Structures are given as C-alpha cells and as structure tokens.
Amino acid sequence: KVPEMIDIHLHLPSGAQKKDGPSAGVAMTCAFVSLLTGACVPSHIAMTGEITLRGRVTPVGGIKEKVLGAHRAQITKVILPWANRKDVEHDIALEIRNEMEFVFVRTVREALEAAFGKNTLGWRREALLMESRL
C-alpha cells in the first residue's frame with residue numbers, strides 16, 4: 001500500500017563536519033521508509049551510500065573500515081554503492097568477503113529492494129519520485 005502523500009523535511013545543519021552525514025543517505029532513506037510503511041530492515045543488514053536528489057547512490061569513503069566494523073558486529077549483508085565494488089575487491093580480505101553478502105546498488109530503488117526484499121514495499125515507480133525545493 002502506498003502511504004498518503006505527506007511532506008517531510010529533514011534538516012542537516014551546515015555546521016557539521018564535512019565527513020559527517022553524506023554516507024548515511026541510504027540508511028536515512030531506509031529509516032524513513034520503515035517509519036512510513038511499518039516494514040523493517042532485518043538486523044543482519046548494514047548499508048552506506050550517498051544519495052543524489054535524483055535518487056542515484058554515489059560512492060563513499062572508508063569502505064574498508066565500515067565493512068570490517070560490520071563484520072565485527074556479525075552483520076552478514078552489506079549494501080554498498082556500485083562504484084565502491086573495487087574497494088571491496090582490493091581492500092577486504094577474501095575470507096571476510098566469503099563470510100558476507102555484498103549488494104552493490106546504483107539507485108535508491110535498488111537499495112530499498114536490497115534492504116526490505118524485492119516486492120516487499122509494493123510501490124509503483126511514480127511513488128518514488130523525489131522533489132527538491134532549493
């Protein structure tokens with residue numbers, strides 16, 4: 001079921017450290033979708049990635065540290081930007097890569113499917129439009 005249309009304003013202060021925040025775009029989007037739909041992301045899934053206003057997932061830094069932290073926390077599935085796949089191949093030991101599932105995404109839609117499961121949300125494409133009022 002598509003939730004009723006509502007306006008949500010998320011304010012991220014410009015005074016934050018440059019490195020704080022952008023990597024949380026995918027996670028913040030999944031949190032909002034979870035809040036609005038009641039669907040839950042399983043606790044064994046971790047995610048990172050910056051999101052553009054058009055819904056594209058762009059690469060982030062610190063992949064090695066994020067994946068190793070997820071591994072230590074017994075996370076088994078990690079959602080990452082498509083452009084960060086080489087970081088995983090080059091920086092993460094094979095034994096750790098074999099213990100985890102990596103899902104590389106290009107769009108918010110792909111990230112939501114990876115987090116919640118395919119067809120779990122049942123939204124039409126039109127419902128995923130994002131509007132920017134700058």
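**A three-stranded sheet and its surroundings**

In this predicted model, 3 strands make up an open sheet, ordered β1-β4-β5 and paired in parallel.

Q: Which strands stand at the edges of the sheet?
A: Look for strands that have a single partner strand, since one side of each is then left without a neighbour in the sheet. In the order β1-β4-β5, the strands that fit this are β1 and β5.

Q: How many bridges join β1 to β4?
A: Strands of a sheet pair through backbone hydrogen bonds, either parallel or antiparallel. Here β1 and β4 run parallel, and one of the pairs puts I45 with its partner K77 in β4. The number of bridges joining β1 to β4 is 3.

Q: Which residue in β5 does L80 stand opposite?
A: Let's move to the other pairing, where β4 meets strand β5 (residues 101-105) in the parallel sense, over 5 bridges. Across from L80, in β5, is F104.

Q: Is strand β4 mostly covered or uncovered, and how many of its residues are buried?
A: A residue counts as buried when its relative accessible area is under 20%. Strand β4 spans residues 77-81 and is mostly covered. Its buried count is 5 of 5.

Q: Which helix packs on the sheet?
A: Going back to the sheet, its order is β1-β4-β5, and the twist averages 20° from one strand to the next. The helix that packs on it touches β1, β4 and β5, and its direction makes about 155° with that of β5. That helix covers residues 108-116 and is α5.

Q: Where is G38 found, and is it buried or exposed?
A: Find α1 (25-37) and β1 (45-47), and you'll see G38 in the loop between them. Over 50% relative accessible area counts as exposed. G38 has 56%, so it is exposed.

Q: How many Å apart in space are G38 and L121, C-alpha to C-alpha?
A: In sequence, G38 and L121 are 83 residues apart. In space, their C-alpha to C-alpha distance is 9.8 Å.

Q: Is C30 buried or exposed, and what about C40?
A: Under 20% relative accessible area means buried, and over 50% means exposed. C30 has 3%, so it is buried. C40 has 62%, so it is exposed.

Q: How many disulfides does a search of the whole structure find?
A: A disulfide is a covalent bond between the sulfur atoms of two cysteines. To count, the two sulfur atoms must be within 2.5 Å. Searching the whole structure, the number of disulfides found is 0.

Definitions and conventions. Residues are numbered from 1 along each chain as its sequence is written. This is a predicted model: local features need pLDDT of at least 70, side-chain atom pairs count only at pLDDT 80 or more; totals for chains, interfaces and linings use all residues. Side-chain values use heavy atoms; hydrogens and water are left out. Buried means under 20% relative accessible area, exposed over 50%, partly exposed in between (1.4 Å probe, protein chains only). Helices (H or I, at least four residues) and strands (E, at least two) are DSSP runs, numbered from the N terminus. Two strands pair if DSSP finds at least two bridges between them. Axes are lines fitted to C-alpha atoms, for helices over the stretch in contact, and angles run from 0 to 180 degrees between N-to-C directions. Contact means heavy atoms within 4.5 Å.
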